[in-house]
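Let's take a walk through a protein together, with its sequence and its 3D structure side by side. Please have both in view as you read.

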Amino acid sequence: RFVALVRQVHQVDRQFPGHGFDLTRAVIANLYRMMAYKDEYEVARLATRPELHQRLATLFAGVPTWSHLLHPPTLRSLFPRKLGFGGWARPLFRLLKRFRRLRGTPFDPFGGTACRQLERALVDWYTWLVGGVLERVDGNNYALAVRILGLADRIRGYEEIKVRNAAQVQQEAADLLAQLQKGQGLGGT
């Protein structure tokens, strides 16, 4: 899906020589950001990487003790602070890593949280936004098109902060897309 959309943008971008493929670069960076969010399955994958534990053993003498500080959304109502998951949790992380195929399915135990639903929806929203920009980009509004597709870079943060940033970016993108639809450039002319 990522490669197909980037190829589509690149095909359109080739029509505008002299712009350094800024449109393609914006989509590569921001579509990746939308698709590569860190959910529970990705955290488990990262926590079980052998090179992590080899690096810890190299940095510290003896057998190091370590702890991942996590705040799972499903446990937030019971525990208001982050929880420490040490070496005892490695088997749990390995098991969780195997369940990544549940991501986005009705059987995903984490998929019902507002943030996970937003993260999945943002991929579809950004794909839609790219399509809307590609339909209207021309030599006169190219800079505005790049600006619109670069807005997703501001969707950052954790939980409520991410939700708020996403709403602000989506509103700004809608306003700028309307400007693009009217055939206006960056200055509104």
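Begin with the hidden space. The model you see is predicted, and a search of the whole structure finds one cavity of 30 Å³ or more. This largest cavity holds about 50 Å³ of space. Its lining is made of Tyr37, Asp39, Glu40, Tyr41, Arg103, Gly104, Asp108, Phe110, Gly111, Arg116, Glu119 and Arg120. By type, these residues divide into three nonpolar, two polar and seven charged. Helix H3 (40–47) and helix H6 (114–136) each supply at least two residues of the lining, and the largest share, three residues, comes from H6.

Two of the lining residues, Tyr41 and Phe110, are worth a second look. Both are buried. Their ring centres are 5.6 Å apart and their planes stand at 70°; since planes over 60 degrees apart count as edge-to-face, that is the name for this pair. Tyr41 lies in helix H3 and Phe110 in the loop between helix H5 (90–98) and H6, so the pair ties together parts that are 69 residues apart in sequence.

Now turn to the open spaces. The largest pocket has about 790 Å³ of space. Its lining counts 39 residues, and Lys38, Asp39, Glu40, Val43 and Arg116 lie nearest its centre. Of the lining residues, 25 are nonpolar, three polar and eleven charged. H2, H3, strand E1 (67–70), H5 and H6 each supply at least two of them.

The second largest pocket has a volume of about 190 Å³. Among the residues that line it are Tyr32, Tyr37, Asp39, Tyr41, Arg103 and Arg120. Here the lining divides into six nonpolar, no polar and six charged residues. H2, H3 and H6 each supply at least two residues, and H3 gives the most, with three.

From spaces, let's move to packing. In soluble globular proteins, nonpolar side chains tend to be buried together. In this model, the largest nonpolar core has 35 residues, and those with the most contacts inside it are Leu23, Tyr126 and Leu149. Helix H1 (2–13), helix H2 (22–35), H6, helix H7 (142–150) and helix H8 (160–181) each supply at least two residues of this core. H6 gives the most to the core, with nine residues.

Which residues is Tyr126 in contact with, leaving aside its neighbours within four places in sequence? They are Ala26, Val27, Asn30, Leu31, Met34, Leu149 and Ala152. Apart from the largest core lies another one, of nine residues, including Ala44, Leu83, Ala89 and Phe93.

Finally, come back to the rings. The structure holds five aromatic pairs. In one of them, Phe16 and Tyr142 sit 5.5 Å centre to centre with 55° between the planes, a tilted pair. Phe16 is in the loop between H1 and H2 and Tyr142 is in helix H7, 126 residues apart, so this pair links distant parts of the chain. Why do these two count as buried? Buried means under 20% relative accessible area; Phe16 is at 12%, so it counts as buried, and Tyr142, at 2%, counts as buried too. Elsewhere, ring pairs link Phe85, Trp88 and Phe93 into a cluster, and Phe93 is also one of the residues of the nine-residue core.

Key: Residues numbered from 1 in each chain as written. Predicted model: local features only at pLDDT ≥ 70, side-chain atom pairs only at ≥ 80, totals over all residues. Heavy atoms only, no water. 1 Å grid on protein atoms, 1.4 Å probe; cavity = no way out; pocket = protein on both sides within 12 Å on 5 of 7 lines; lining within 4 Å. Points joined across faces, edges and corners; volume = space filled by probe spheres on them. Helix = DSSP H or I, 4+ residues; strand = E, 2+ residues; numbered from the N terminus. Nonpolar A, V, L, I, M, F, W, Y, C, P; charged D, E, K, R; others polar. Core = buried A, V, L, I, M, F, W, Y, C linked by side-chain atoms within 4.5 Å. Buried < 20%, exposed > 50% of the residue type's maximum accessible area, 1.4 Å probe, protein only. Contact = heavy atoms within 4.5 Å. Phe/Tyr/Trp six-rings, centres within 6.5 Å; stacked < 30°, edge-to-face > 60°.
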